[in-house]
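Here's a quick briefing on a protein model, with the pockets up front and the overall layout after that. Have a look at the structure first, then read on.

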Amino acid sequence: MPINIQFKLTFDDYLRAQRLHSKRTWGRRVWYIVSRTLIPVLGLLYVLIFVLIFWRTTPVGWLLVALPCGMYFAFYPVVVRLRLNRCYRRTRTGDEENSVGIGEEGIRIRAENTSNDLNWKAVQSCREDQNVFVLYLAPAKFIVFPKRVFSEEQILELQSLLARQVRSAT
């Protein structure tokens, strides 16, 4: 039986998919942790050192360069979120609801302005966490299905279908 869902992809869904995508390998997982903890702490330390220690002895021109750099690193997680929000807004075709049919033959996605029929051979791999399914069409091109729109039975059916149809389901 095909799985039929309707949903509107929200920024939170997109953000969850990007987080799952960014944690594919150990190196990326380490970078994810470092970029959200160590870099902001070092940025704050950089600003504090310049403000508390070097502000009297450093030329004003150097301070005008050093302080914004330190602030950038201190607020790096905010910068990343703003970039993702911009990317989300730019890649959306609209705010309409998507209608998706998933079955043995493939995936059919319908929206107000677009229509896509995907064969299972187009899906290279897939990943999931507690919030989203991410189906990869290429290494950095993927389709997001939020789990919030599926029933428990549909989630189990989709997991079984992905295990059968996708070559490297992880």
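Keep in mind that this is a predicted model. Let's start with what the walls of the largest pocket are made of: its lining residues split into 13 nonpolar, six polar and three charged. The pocket sits between domain 1 (3-9 + 95-168) and domain 2 (16-91), because both domains give residues to its lining.

**The largest pocket**

- Its volume comes out at about 660 Å³.
- The lining counts 22 residues, and those nearest the centre are Leu9, Thr91, Arg92, Phe142 and Ile143.
- Four elements hand over two or more lining residues: helix 1 (11-22), helix 5 (76-91), strand 4 (115-119) and strand 7 (141-146).
- Which element gives the largest share of this lining? That's strand 7, with five residues.

**The second largest pocket**

- Here you get about 410 Å³ of space.
- There are 16 lining residues, with Ser22, Tyr32, Arg36, Val80 and Leu84 closest to the centre.
- Helix 1, helix 2 (26-36) and helix 5 each chip in with at least two residues of the lining.
- Helix 5 has the largest share, at six residues.
- By residue type, this lining divides into seven nonpolar, four polar and five charged.

**Fold and overall shape**

- The protein has six helices and eight strands.
- Going along the sequence, they come in the order β-α-α-α-α-α-β-β-β-β-β-β-α-β.
- The protein is more spread out than a compact globule, because its radius of gyration is 21 Å, well over the 15 Å that the globule rule gives for 170 residues.
- Along the principal axes, the C-alpha trace spans about 75 × 35 × 25 Å.
- How much of the protein is buried? Of its 170 residues, 38% count as buried.
- If you take the contacts with a separation of 6 or more, 56% of them are between residues 24 or more positions apart.

**The two domains**

- The domain assignment splits the protein into domain 1 (3-9 + 95-168) and domain 2 (16-91), with domain 1 made of two stretches of sequence.
- Taken over C-alpha atoms, the centres of the two domains are 34 Å apart.
- On the domain 1 side, twelve residues take part in the contact, while domain 2 puts in nine residues.

**Two residues to click on**

- Lys141 belongs to strand 7, the element with the largest share of the largest pocket's lining.
- Is Lys141 buried or exposed? Lys141 is exposed, because its relative accessible area is 53% and the cut-off for exposed is over 50%.
- Beyond its neighbours within four places in sequence, Lys141 is in contact with Leu135 and Tyr136.
- Ile109 is part of strand 3 (residues 106-110).
- Ile109 counts as buried, because its relative accessibility is 13% and buried means under 20%.
- Once neighbours within four places in sequence are set aside, Ile109 is in contact with Ser99, Val100, Thr114, Ser115, Asn116 and Ile143. One of these, Ile143, is also among the residues nearest the centre of the largest pocket.
- Ile109 and Gln6 sit 103 residues apart in sequence, yet their C-alpha atoms are 9.6 Å apart in space.

Definitions and conventions. Residues are numbered from 1 along each chain as its sequence is written. This is a predicted model: local features need pLDDT of at least 70, side-chain atom pairs count only at pLDDT 80 or more; totals for chains, interfaces and linings use all residues. Side-chain values use heavy atoms; hydrogens and water are left out. On a 1 Å grid over the protein atoms alone, a cavity is a set of points where a 1.4 Å probe fits but cannot get out, and a pocket is an open set with protein on both sides within 12 Å along at least five of seven lines; lining residues have an atom within 4 Å of a point. Grid points are joined across faces, edges and corners, and a volume is the space filled by probe spheres set on the points. Ala, Val, Leu, Ile, Met, Phe, Trp, Tyr, Cys and Pro count as nonpolar, Asp, Glu, Lys and Arg as charged, and the others, Gly among them, as polar. Domain bounds come from an automatic or database domain assignment. The radius of gyration is taken over C-alpha atoms; the globule rule is 2.2 Å times the number of residues to the power 0.38. Buried means under 20% relative accessible area, exposed over 50%, partly exposed in between (1.4 Å probe, protein chains only). Contact means heavy atoms within 4.5 Å.
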